[in-house]
Every structure is written in structure tokens, then in C-alpha cells.
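Hello,

Here is the structure for your setup work. Please look through it first; my notes follow below.

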Amino acid sequence: MKRFILLAALQIACSTGVNASDRTTVYYETLSIDLSAGGATVNAASMTGFGISSTSSLSEDVFISSSYTRLSGDIVGFPSSQSAWQLGVGYTIHDDLNLKAGTGSQLRTGFGYYSTSLDARISGTDYSESDSGAIIGVNYDIALGEAVSLDATLSGPLENFEVSFGIGGSYKVGAGKIRLAYTSNEDAIEGVTVKSSGYQLGYTFNY
């Protein structure tokens, strides 16, 4: 199950991303892992859950970010649950983003540490595995108008780097924004294509 743990951790890290400003986001998250070989595709994991992420500035260019997500569902037909957290520090490379005016863009990079654990019940026996490590990422945010913005994120572990890609869109509602994001990761292992994908729907409180 080590592979599922790493893929899920990458999805969570990428979907929460390197946020564009000081904010807290609460979200609903989905995760699906498919295995493909010889023209056939099998769904190996399907999980859903909730999480929270936050970003706070330490200076004009430096910020810290954190997130926690808990998912539940099944892996190869067995009831499973996963929890993961991430803590990181980032640097703003470029920033002329003005969300109120609906203009400009922002480019940020980040380095962090993630830890995740997976529990599964197989034939009446409980199994548990965990994984942790360093992760790096980069995020680009662009305003499309006074109420709409798009963001894209690339992230992956430092050890045996494997990139995950995420894209999201936000729409201003009230004092914050509704955000919908999609994340994807694909790799080939001994002739089998392993693809993980997921959606995240949340509400962001800016401060």
C-alpha cells in the first residue's frame, strides 16, 4: 500500500498548493487511483474527505503554509482511511496580483514536509502504514477579472521526484472565494500505468 500512500500525499500537497495570499481554506476532497494495462483499466482506490489549509506571511516575500486532510473510502475493495498533514515555507518570486481590481499575477515557490498514514481493514485484520518526506512546489496565480482568478500548481517529493499537476479556479462570493481544483499524477510501474486524480471544492477566507 506504500504506493497509494505516496500518491495520496502528492494529491493533497498539490491540491492545497502554494496559496496566493494570507488565507484559510476549508474544502471537500476526492481521490481516485486507476491502474491500466493491456487496454483494461481498474479503479484501485476511491476516497473522499475534508481538509483545511492556511497561509500566513512572515515578511513581504516569505510565508508559511500548512494543511490537514482526512479521507476515507476503499482501496482494492477494502475499507480504508487516510490522514495527512503538510507544513512548509515559501518565497514570492513575482507579485503584481490585485484580486480586488482583478489584475496581475503572482508566482510563488515553496518547500515543505509532509506526513501521512493509511489504515485499512482486510479480511477482518487492521493494517496501518505511514510515509513522510520533503516536498517542493511552485504556484502561479492570475486574475481574470474582479471576481475570477485561476491558479496552477506543480509539486513533487525531493526523493525520487515525481511531479503532480493541479489547476484551480476561484470566484468571489461574499468576503471570500469559492475554489474548485483538479489534480492529476501519472506514472508507469512494470508496464502498469498508475493514475491518480482528484477534485477539491472549498471556500477561502482572505485576511
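**Salt bridges**

Arginine 121 is partly exposed, with a relative accessible area of 41% (buried means under 20%, exposed over 50%, partly exposed in between, with a 1.4 Å probe and protein chains only). Its partner, aspartate 126, is exposed at 56%. The two side chains meet in a salt bridge of 2.7 Å, N to O (a side-chain nitrogen of Lys or Arg within 4 Å of a carboxyl oxygen of Asp or Glu).

Before going on, the ground rules. This is a predicted model: local features need pLDDT of at least 70, side-chain atom pairs count only at pLDDT 80 or more, and totals for chains, interfaces and linings use all residues. Residues are numbered from 1 along each chain as its sequence is written, and side-chain values use heavy atoms, with hydrogens and water left out.

How many salt bridges does the rule give? The count is two. The second joins the side chains of arginine 179 and aspartate 151, at 2.8 Å, N to O. Arginine 179 lies in strand β9 and aspartate 151 in strand β7, so this pair ties together parts that are 28 residues apart in sequence. Strands here are DSSP runs (E, at least two residues), numbered from the N terminus.

Is the pair of arginine 179 and aspartate 151 buried or exposed? Both residues are buried. Aspartate 151 has 6% relative accessibility, so it counts as buried. It sits in β7, which covers residues 148-157. The side chains of aspartate 151 and arginine 179 also register as a polar contact of 2.8 Å (N or O atoms within 3.5 Å; within protein, one must be able to donate a hydrogen and the other to accept it, and residues adjacent in sequence count only if both atoms are side-chain atoms). Not counting residues up to four places away in sequence, aspartate 151 touches several others, including Asn139, Tyr140, Asp141 and Gly168 (contact: heavy atoms within 4.5 Å).

**Barrel**

The strands β1 to β10 form a closed barrel of 10 strands, in numerical order, with antiparallel pairing (two strands pair if DSSP finds at least two bridges between them). Neighbouring strands are turned by 20° against each other on average, direction ignored (axes are lines fitted to C-alpha atoms, for helices over the stretch in contact; angles run from 0 to 180 degrees between N-to-C directions).

Some pairings:

- β1 and β2 are antiparallel over 15 bridges. Glutamate 29 has glycine 49 in β2 as its bridge partner. Their hairpin has two residues between the strands, and glycine 38 there takes a positive phi near 60°.
- β4 (residues 78-95) and β5 (residues 105-122) also pair over 15 bridges, antiparallel. Threonine 92 has arginine 108 in β5 as its bridge partner.
- β5 and β6 (residues 125-143) are antiparallel and share 18 bridges. Arginine 121 has aspartate 126 in β6 as its bridge partner. In the hairpin of β5 and β6, serine 123 takes a positive phi near 50°.
- β9 (residues 176-189) and β10 (residues 192-206) run antiparallel, joined by 14 bridges. Threonine 183 stands opposite glycine 198 in β10.
- β1 and β10 run antiparallel, with 12 bridges. Threonine 25 stands opposite threonine 204 in β10.

**Nonpolar core**

Which residues make up the largest nonpolar core? Eight do: Leu31, Ile33, Ala45, Met47, Leu71, Ile75, Leu118 and Val194 (a core is a set of buried Ala, Val, Leu, Ile, Met, Phe, Trp, Tyr and Cys residues joined through side-chain atoms within 4.5 Å). β1 (23-37), β2 (40-57) and β3 (62-75) each give two or more residues to this core.

Best wishes

Methods
Helices (H or I, at least four residues) and strands (E, at least two) are DSSP runs, numbered from the N terminus.
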